[in-house]
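Q: I should like to learn how to read a protein model, one feature at a time. Could the lesson begin with the whole chain and then turn to single residues?

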Amino acid sequence: MKSLITTGQTVSGVCYGYGALAVAPTHADAWFQAIPPERVGLGGEYDHHGLVKRVHLAFQHAVGNDAIAHLSIRQRGSVLILHGRVASQALLDQLIHIAMQVEGMTNLEIRDVVIRPAAS
């Protein structure tokens, strides 16, 4: 509901004055300013793929780039999806444990992950 008031009064959290628009904070504004945990980026900013980036970074720190080179990490909202190839069941178990610790992830889907040791 928007109403034009020329006296500078506040209506529904929005202040309409003479040619200037100022927004007064409301409870709804605070709710919209909060970033959902799955959308928090590496630096705390909003990032649509924030969960994937944070999980990928956690994997890199724990097992290194080579161990996850053939693993695809995707997200659908707060659901994390792993797809691809890993060298061992122990590595997959470790990655699952790491992913479960990341803030914002609610579910983990393992899709067609093949366990195949890397060729020497």
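Q: Among contacts in the protein chain between residues at least 6 apart in sequence, what percentage join residues at least 24 apart?

A: The model is a predicted one. Of the contacts between residues at least 6 apart in sequence, 47% join residues at least 24 apart.

Q: Which elements of secondary structure does the protein chain contain, and in what order do they run from the N terminus?

A: The protein chain has three helices and six strands. Read from the N terminus, the order is β-β-β-α-α-β-β-α-β.

Q: What percentage of the 120 residues is buried?

A: A residue is called buried when its relative accessible area is under 20%. By that cut-off, 28% of the 120 residues in the protein chain are buried.

Q: How may one check the span of helix 2 against its number of residues?

A: The check multiplies a rise of 1.5 Å a residue along the helix, and then compares the result with the model. Helix 2 covers residues 50-63, which is 14 residues, so a span of 20 Å is expected. The end C-alpha atoms of helix 2 are 20 Å apart, in agreement with that expectation.

Q: Which residues of helix 2 are buried, and against what do they pack?

A: The buried residues of helix 2 are G50, L51, V52, R54, V55 and F59. They pack against strand 4 (71-76), strand 5 (79-86) and helix 3 (89-100).

Q: What is found just after helix 2?

A: There G64 takes a positive phi of about 90 degrees.

Q: Where does H48 lie, and is H48 buried or exposed?

A: H48 is placed in the loop between helix 1 (27-33) and helix 2. Its class can fall between the two words: H48 counts as partly exposed because its relative accessibility is 40%.

Q: Which residues does H48 touch, not counting those up to four places away in sequence?

A: H48 touches R39 and Q75. Distance along the chain and distance in space are separate matters, as another pair shows: H48 and G77 are 29 residues apart in sequence, while their C-alpha atoms are 8.8 Å apart in space.

Q: Where is Q94, and which residues are in contact with Q94 when neighbours within four places in sequence are left aside?

A: Q94 is part of helix 3, and its contacts are A62 and V63. From Q94 to A62 there are 32 residues in sequence, with 8.8 Å between their C-alpha atoms. Q94 is classed as partly exposed because its relative accessibility is 35%.

Q: How should one read a salt bridge, and how many does the whole structure hold?

A: Side chains of opposite charge can pair when their charged atoms come close. A search of the whole structure gives three salt bridges. One of them joins K53 to D47, with the closest N and O atoms 2.7 Å apart. K53 is partly exposed, at 38% relative accessibility, whereas D47 is buried, with a relative accessible area of 13%.

Q: With which residues does E109 form salt bridges?

A: The side chain of E109 meets that of R76 at 2.6 Å, N to O. E109 belongs to strand 6 and R76 to strand 4, so this pair ties together parts that are 33 residues apart in sequence. E109 also meets R111 in a salt bridge, at 2.8 Å, N to O. Together, R76, E109 and R111 are linked in a network of salt bridges. Of these, R76 is partly exposed at 44% relative accessibility, and R111 is partly exposed at 43%.

Q: Which other residues are in contact with E109, leaving aside its neighbours within four places in sequence?

A: Besides R76, the contacts of E109 are V79, L80, I81 and L82.

Q: Do strand 5 and strand 6 run parallel or antiparallel, and how many bridges join them?

A: Strand 5 and strand 6 run parallel, and eight bridges join them. Within this pairing, L80 stands opposite L108 in strand 6.

Q: What unit do strand 5, helix 3 and strand 6 make?

A: Strand 5, helix 3 and strand 6 make a β-α-β unit, and the unit is right-handed.

How values were computed:
Residues are numbered from 1 along each chain as its sequence is written. This is a predicted model: local features need pLDDT of at least 70, side-chain atom pairs count only at pLDDT 80 or more; totals for chains, interfaces and linings use all residues. Side-chain values use heavy atoms; hydrogens and water are left out. Helices (H or I, at least four residues) and strands (E, at least two) are DSSP runs, numbered from the N terminus. The expected span of a helix is 1.5 Å times one less than its number of residues. Buried means under 20% relative accessible area, exposed over 50%, partly exposed in between (1.4 Å probe, protein chains only). Contact means heavy atoms within 4.5 Å. A salt bridge is a side-chain nitrogen of Lys or Arg within 4 Å of a carboxyl oxygen of Asp or Glu. Two strands pair if DSSP finds at least two bridges between them. A crossover is right-handed if, with the strands pointing away from the viewer, the path from the first strand over the helix to the second runs clockwise.
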